[in-house]
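Visitor: Could you walk me through this one? I am new to it, and I would like to ask as we go.

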Amino acid sequence: MADDKAKRGGADRALIALTERYEVAYWSKKFKVTPAKLKYAVKKVGHSARKVEEYIKLQKHRAADKSRIALSEAYEVRYWSKKFKITPAKLKAAIAAAGHSAKKVEAYLTAQKAAKRKAAKKTVKKKTKKAAKRKTAS
């Protein structure tokens with residue numbers, strides 16, 4: 001059903017008409033989502049602009065929440081510890097150093113492992129040099 005352009009009151013402003021391209025463009029821009037996501041939200045919760053806005057905010061919040069590590073939740077600590085293959089204590093230390101972002105924690109742990117490998121290589125080189133000096137001195 002097409003939008004009735006003669007109606008310009010509050011009731012018409014509070015509804016999203018997916019059949020009108022200009023409305024889809026307007027609401028997509030207003031909610032900062034793609035037209036496809038707007039159409040999906042309308043189908044999910046109805047044509048009410050308020051309900052669609054709440055639904056979109058909830059979805060954005062959930063997406064942002066997935067990339068953060070919540071230390072207050074035991075299941076999250078178990079999940080991320082298992083994923084990064086570290087103990088919960090090391091995970092807590094990494095979060096304290098890098099923040100709650102999963103990407104930042106992963107980068108921090110990767111840098112820590114690289115630093116350990118580099119240090120291990122240095123100690124191996126020192127030991128081989130000392131052993132070579134001992135052989136030549138003997």
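Guide: We can take salt bridges, aromatic rings, a pair of helices and two backbone angles in turn, keeping in mind that this is a predicted model.

Visitor: Okay, salt bridges to begin with. How many are there?

Guide: The count comes to 2 salt bridges. In one of them the side chains of R50 and E54 meet, at 3.2 Å from N to O, and in another the side chains of K57 and E53 meet, at 3.8 Å from N to O.

Visitor: Where do R50 and E54 sit relative to each other?

Guide: Both belong to helix α4, which covers residues 49–66, and because they are 4 residues apart there, about one helical turn separates them.

Visitor: And K57 with E53, how far apart along the helix?

Guide: K57 and E53 are also in helix α4, and as they are 4 residues apart, the separation is about one helical turn.

Visitor: Is K57 buried or exposed?

Guide: K57 is exposed, with a relative accessible area of 55%, while its partner E53 has 30% relative accessibility and therefore counts as partly exposed. In the other bridge, E54 is partly exposed as well, at 46% relative accessibility.

Visitor: Switching topic, how many aromatic pairs turn up?

Guide: A search of the whole structure finds 4 aromatic pairs. One of them joins Y26 and W27, whose ring centres are 5.0 Å apart and whose planes stand at 75°, so this pair is edge-to-face. Y26 is partly exposed, with a relative accessible area of 46%, whereas W27 is buried at 8% relative accessibility.

Visitor: What about Y79 and W80, how are their rings arranged?

Guide: The ring centres of Y79 and W80 lie 5.0 Å apart with the planes at 85°, so that pair is edge-to-face. Y79 counts as partly exposed at 47% relative accessibility, and W80 is buried, with a relative accessible area of 8%.

Visitor: Which residues do ring pairs link into a cluster?

Guide: Ring pairs link Y26, W27 and F31 into a cluster.

Visitor: Now the helices. How do α2 and α3 cross?

Guide: Helix α2, residues 21–31, and helix α3, residues 35–45, have axes that come within 9 Å and cross at roughly 95°. An angle from 65 to 115 degrees counts as roughly perpendicular, and α2 and α3 are therefore described in that way.

Visitor: Which residues make that contact?

Guide: On the α2 side they are V24, W27, S28 and F31, and on the α3 side P35, L38 and K39. Sorted by type, the residues of this contact divide into 5 nonpolar, 1 polar and 1 charged. Two names return here from the ring cluster, since W27 and F31 belong to the cluster and also to the α2 side of the helix contact.

Visitor: Last topic, the backbone. What is notable about the phi of K32?

Guide: K32 has a positive phi of about 55°, although K32 is not a glycine. This residue is placed in the loop between α2 and α3, and it is exposed, with a relative accessible area of 71%.

Visitor: And K85, where does that lie?

Guide: K85 lies in the loop between α5, residues 74–84, and α6, residues 88–98. Its phi is near 60°, a positive value in a residue other than glycine, and K85 is exposed, with a relative accessible area of 74%.

Methods. Residues are numbered from 1 along each chain as its sequence is written. This is a predicted model: local features need pLDDT of at least 70, side-chain atom pairs count only at pLDDT 80 or more; totals for chains, interfaces and linings use all residues. Side-chain values use heavy atoms; hydrogens and water are left out. A salt bridge is a side-chain nitrogen of Lys or Arg within 4 Å of a carboxyl oxygen of Asp or Glu. Helices (H or I, at least four residues) and strands (E, at least two) are DSSP runs, numbered from the N terminus. Buried means under 20% relative accessible area, exposed over 50%, partly exposed in between (1.4 Å probe, protein chains only). Rings of Phe, Tyr and Trp (its six-membered ring) pair if their centres lie within 6.5 Å; planes under 30 degrees apart count as stacked, over 60 as edge-to-face and the rest as tilted. Axes are lines fitted to C-alpha atoms, for helices over the stretch in contact, and angles run from 0 to 180 degrees between N-to-C directions. Angles under 35 degrees count as roughly parallel, over 145 as roughly antiparallel, 65 to 115 as roughly perpendicular and the rest as oblique. Contact means heavy atoms within 4.5 Å. Ala, Val, Leu, Ile, Met, Phe, Trp, Tyr, Cys and Pro count as nonpolar, Asp, Glu, Lys and Arg as charged, and the others, Gly among them, as polar.
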